[in-house]
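I opened a fresh page for this one. These are my notes on what I looked up, in the order I looked.

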Amino acid sequence: MHGEATMLLRCPICGGDFALEGGSLICAKRHCYDVARQGHVNLAPAAKDSFYTKALFESRAKVFEAGVFAPVVQAISEAVDRHVRGERSVLLDAGCGEGYYTKAVCPAREMVRIGFDLSKEAVRLAARGEKTASFFVGDLAHIPMKDHSADVLLDVFTPANYAEFARVLKPGGVLVKLAPRSGYLKELREAAIGLLRNAEYDGGQVERYAAERMDILEKREITYSLPVTQELVAHLARMTPMLAGVDVGALDLSHITQITIDETMTVGRVRAD
Ligand SMILES: C[S@@+](CC[C@H](N)C(=O)[O-])C[C@H]1O[C@@H](n2cnc3c(N)ncnc32)[C@H](O)[C@@H]1O
Ligand SMILES: [Zn+2]
């Protein structure tokens with residue numbers, strides 16, 4: 001946990017400021033959170049493990065390493081550079097998973113980078129060996145960040161809490177929200193047809209709700225296909241919540257040689273109401 005990030009956090013119990021004392025974050029009322037060896041802090045110690053397991057995040061890491069989402073990073077970086085000016089802007093990645101976007105967007109830009117997720121496993125992976133970004137375990141419903149502390153909030157394929165987003169963003173700060181569209185990983189969903197709860201994915205509802213809660217500055221579709229190896233197809237199948245409940249190991253994915261990424265990026269100012 002870097003000093004600049006620590007200054008922006010607040011105690012999840014009483015909302016007070018933290019000071020760093022002997023490897024722990026401690027507020028004036030002595031609520032105490034230890035900084036882990038990897039550098040992250042658990043500010044939601046009661047959080048339960050979820051569908052998002054360590055294996056899922058490890059598969060996600062393989063997919064990111066292979067560059068499958070590099071064009072998405074590029075699009076987010078361009079949007080951040082267009083809409084967020086100034087030195088050492090604060091980027092907060094809500095539901096950051098293993099921290100890929102927290103670390104990868106705007107690679108040449110000096111920013112205070114902070115990511116949080118409710119999954120301890122994800123945050124541990126994100127923080128491991130990390131020098132440029134800070135990570136904590138936290139809940140979107142009660143983000144333990146001070147009011148008006150972030151210049152840009154990333155929400156990539158993660159549930160949104162617009163009231164909390166409005167609170168933690170600075171006046172003039174922007175939300176960059178990515179959501180899947182109907183073509184997203186369609187090759188995998190076609191292979192699992194009949195086993196899926198929602199075979200037809202409709203991102204429209206997420207988009208409509210985002211439009212109600214934001215003054216939109218920019219909206220862009222990010223759609224491309226790319227060739228994939230069998231090993232990568234297996235990691236993609238293991239990393240996506242879209243195949244939740246499906247026995248991925250039993251699927252025949254051998255015919256899949258390319259994969260489609262299809263997302264919307266919405267950039268805007270969150271309305272306080
Ligand atoms: C589909 S993953 C996306 C992760 C990351 N943004 C990415 O694109 O790689 C959704 C993430 O939201 C996190 N999440 C779900 N509910 C949350 C909550 N209430 N507070 C914080 N994170 C949450 C999950 O643990 C998971 O890491
Ligand atoms: Zn406290």
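In which helix is Arg124 found? I found Arg124 in helix H5, residues 120–127. Helices here are DSSP runs of H or I with at least four residues, strands are runs of E with at least two, and both are numbered from the N terminus.

Before going on, I noted the ground rules. This is a predicted model, where local features need pLDDT of at least 70 and side-chain atom pairs count only at pLDDT 80 or more, while totals for chains, interfaces and linings use all residues. Residues are numbered from 1 along each chain as its sequence is written, and chains are lettered from A and ligands numbered from 1 in the order in which they are written.

**Arg124 and H5**

I checked whether Arg124 is buried or exposed. Arg124 is partly exposed, because 19 other C-beta atoms lie within 10 Å. The cut-offs: 20 or more other C-beta atoms within 10 Å of a residue's own is buried, 12 or fewer is exposed, in between is partly exposed, with C-beta atoms placed from the backbone.

Leaving out residues up to four places away in sequence, Arg124 touches Gln38 and His40. Contact is C-beta atoms, placed from the backbone, within 7 Å. I also looked at Thr53: Arg124 and Thr53 are 71 residues apart in sequence, and 12 Å apart in space, C-alpha to C-alpha.

H5 itself lies across S4, strand S6 (112–117) and strand S7 (133–137), and runs at about 165 degrees to S7. Axes are lines fitted to C-alpha atoms, for helices over the stretch in contact, and angles run from 0 to 180 degrees between N-to-C directions.

**The sheets**

I counted nothing by hand here: the chain has nine helices and 11 strands. Strands of a sheet pair through backbone hydrogen bonds, either parallel or antiparallel. Two strands pair if DSSP finds at least two bridges between them.

What is the strand order in the open sheet of eight strands? I wrote down S4-S7-S6-S5-S8-S9-S11-S10, with mixed pairing. Its edge strands are S4 (41–42) and S10 (214–227), each pairing on one side only. Inside that order I followed S9 (residues 169–180), which runs antiparallel to S11 and is joined to S11 by six bridges. Lys177 stands opposite Thr266 in S11.

Then I turned to the open sheet of three strands, ordered S1-S2-S3 with antiparallel pairing. Strand S1 (18–21) and strand S3 (32–34) are the edges, each paired on one side only. The twist averages 25 degrees from one strand to the next. Four bridges hold the antiparallel pair of S1 and S2 (residues 24–27).

Leu20 sits in S1, opposite Leu25 in S2. Leu20 counts as partly exposed because it has 13 C-beta neighbours inside 10 Å. Beyond four places in sequence, Leu20 touches Thr6 and Leu25.

**Helix H9**

Which residues of H9 (residues 230–239) are buried? I listed Val233, His235, Leu236, Ala237 and Met239. They pack against helix H2 (54–65), helix H7 (186–191) and strand S11 (258–270).

**Ligand 1**

I found 19 residues around ligand 1, the closest being Gly95, Gly97, Leu118, Leu140 and Val156. A residue is near the molecule if its C-beta atom, placed from the backbone, lies within 6 Å of it. The shell splits into 11 nonpolar, five polar and three charged residues. Ala, Val, Leu, Ile, Met, Phe, Trp, Tyr, Cys and Pro count as nonpolar, Asp, Glu, Lys and Arg as charged, and the others, Gly among them, as polar.

**The whole chain**

Last, I noted that 40% of the 273 residues count as buried.

Terms used
Two residues are in contact if their C-beta atoms, placed from the backbone, lie within 7 Å.
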